[in-house]
Amino acid sequence: MPLQHPSIRPQRSASRPAKARFPATLRLALAALLFHLFGLPLAHASELDIAQRQWLAGQRPQAVATLEAALKQTPDELKLRFALGVMRMELGEQGSAQQIFIQLTEDFPDLADPYNNLAVIHASQGDLDRARNELEQALRLQPNHAQAQENLGDVLLRQALRAYQRAQQALAAPSTTLALKLKRTHDLLQEASRRPQ
């Protein structure tokens, strides 16, 4: 199964609170600007800039190494940790990314973005119930978190499809009403997965 369902997308940068929704393609250059605006210490901002330039140039292992080296100097730096989690996620290293985001929820329990990204990981693993719980937690923390709202809608659609499929299987004879609901929900999910990221 791919890292994430095409319609369920991670948050790309951490903020207190996140005010903007970033597209699904990794836009680390924009995140670097936000990190500067939110006051990341200059030394770490330059290390983050270097890592982001490496990432965008296709030097992904070097970008990860740059962040890891920076985190050895300041292991508690939120934005460096979050960027590393996003990079690990993009590399398909779900276990490592998940651990980073779990640790961020423990160290910064008031931030919604790590919960959103944990939900993306859980959804990609087919654990829709856990993904929903993570998204609901993100929205308790930040009700206007646009990406978490959208992701919750997508998870709910997938849960609806699952429920309709189970209901249809439980019937002795197929239901035309359920078949219509299945088709419409499936079509909506397909359309959502093709939308611009």
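Follow the chain along its sequence and the pattern reads α-α-α-α-α-α-α-α-α. Put as a tally, that is nine helices and zero strands. Keep in mind that this is a predicted model.

**The chain as a whole**

How much of the chain is buried? Of its 197 residues, 47% are buried. On the outside, the chain exposes about 9,700 Å², and carbon and sulfur atoms supply 55% of that area. You can also ask how far along the sequence the contacts reach. Take the contacts with a separation of 6 or more: 56% of them are between residues 24 or more positions apart.

**Two helices side by side**

Now look at helix H5, residues 94–107, and helix H6, residues 113–124. They pack at an angle of about 150°, and their axes are 9 Å apart. Is the crossing of H5 and H6 left-handed or right-handed? It's left-handed.

Which residues meet there? From H5 come Gln94, Ala97, Gln98, Phe101, Ile102, Leu104 and Thr105, and from H6 come Pro114, Tyr115, Asn117, Leu118, Ile121, His122 and Ser124. Sort the residues of this contact by type and you get eight nonpolar, six polar and no charged.

**Pairs that are far apart in sequence**

Here are three pairs to find in the structure, with the distance taken from C-alpha to C-alpha.

| Pair | Apart in sequence | C-alpha to C-alpha |
|---|---|---|
| Gly92 and Ile121 | 29 residues | 9.8 Å |
| Leu128 and Arg162 | 34 residues | 9.7 Å |
| Asp113 and Leu141 | 28 residues | 9.6 Å |

Start with Gly92, which sits in the loop between helix H4 (78–90) and H5. Gly92 has 44% relative accessibility, so it counts as partly exposed. Its partner in the table, Ile121, is one of the H6 residues that meet H5.

Next comes Leu128, which has its place in helix H7. Is Leu128 buried or exposed? Leu128 counts as buried because its relative accessibility is 7%, and buried means under 20%. What does Leu128 touch, once you set aside its neighbours within four places in sequence? The list is Ala123, Val155, Arg158, Gln159 and Arg162. So Arg162, its partner in the table, is also one of its contacts.

The third pair brings in Asp113, which is found in helix H6. Asp113 has a relative accessibility of 1%, so this residue counts as buried too.

**A histidine in a loop**

One last stop is His145. You'll find His145 in the loop between helix H7 (128–141) and helix H8 (146–170). Being in a loop doesn't leave this residue out in the open here: His145 counts as buried because its relative accessibility is 2%. Where does its side chain have a polar partner? A polar atom of the His145 side chain lies 3.0 Å from the backbone nitrogen of Ala148.

Conventions:
Residues are numbered from 1 along each chain as its sequence is written. This is a predicted model: local features need pLDDT of at least 70, side-chain atom pairs count only at pLDDT 80 or more; totals for chains, interfaces and linings use all residues. Side-chain values use heavy atoms; hydrogens and water are left out. Axes are lines fitted to C-alpha atoms, for helices over the stretch in contact, and angles run from 0 to 180 degrees between N-to-C directions. Helices (H or I, at least four residues) and strands (E, at least two) are DSSP runs, numbered from the N terminus. A crossing is left-handed if the near helix is turned anticlockwise from the far one by less than a right angle, and right-handed if clockwise. Contact means heavy atoms within 4.5 Å. Ala, Val, Leu, Ile, Met, Phe, Trp, Tyr, Cys and Pro count as nonpolar, Asp, Glu, Lys and Arg as charged, and the others, Gly among them, as polar. Buried means under 20% relative accessible area, exposed over 50%, partly exposed in between (1.4 Å probe, protein chains only). A polar contact is a pair of N or O atoms within 3.5 Å; within protein, one must be able to donate a hydrogen and the other to accept it, and residues adjacent in sequence count only if both atoms are side-chain atoms. Accessible areas come from the Shrake-Rupley method with a 1.4 Å probe; for residues, only the protein chains shown count as cover.
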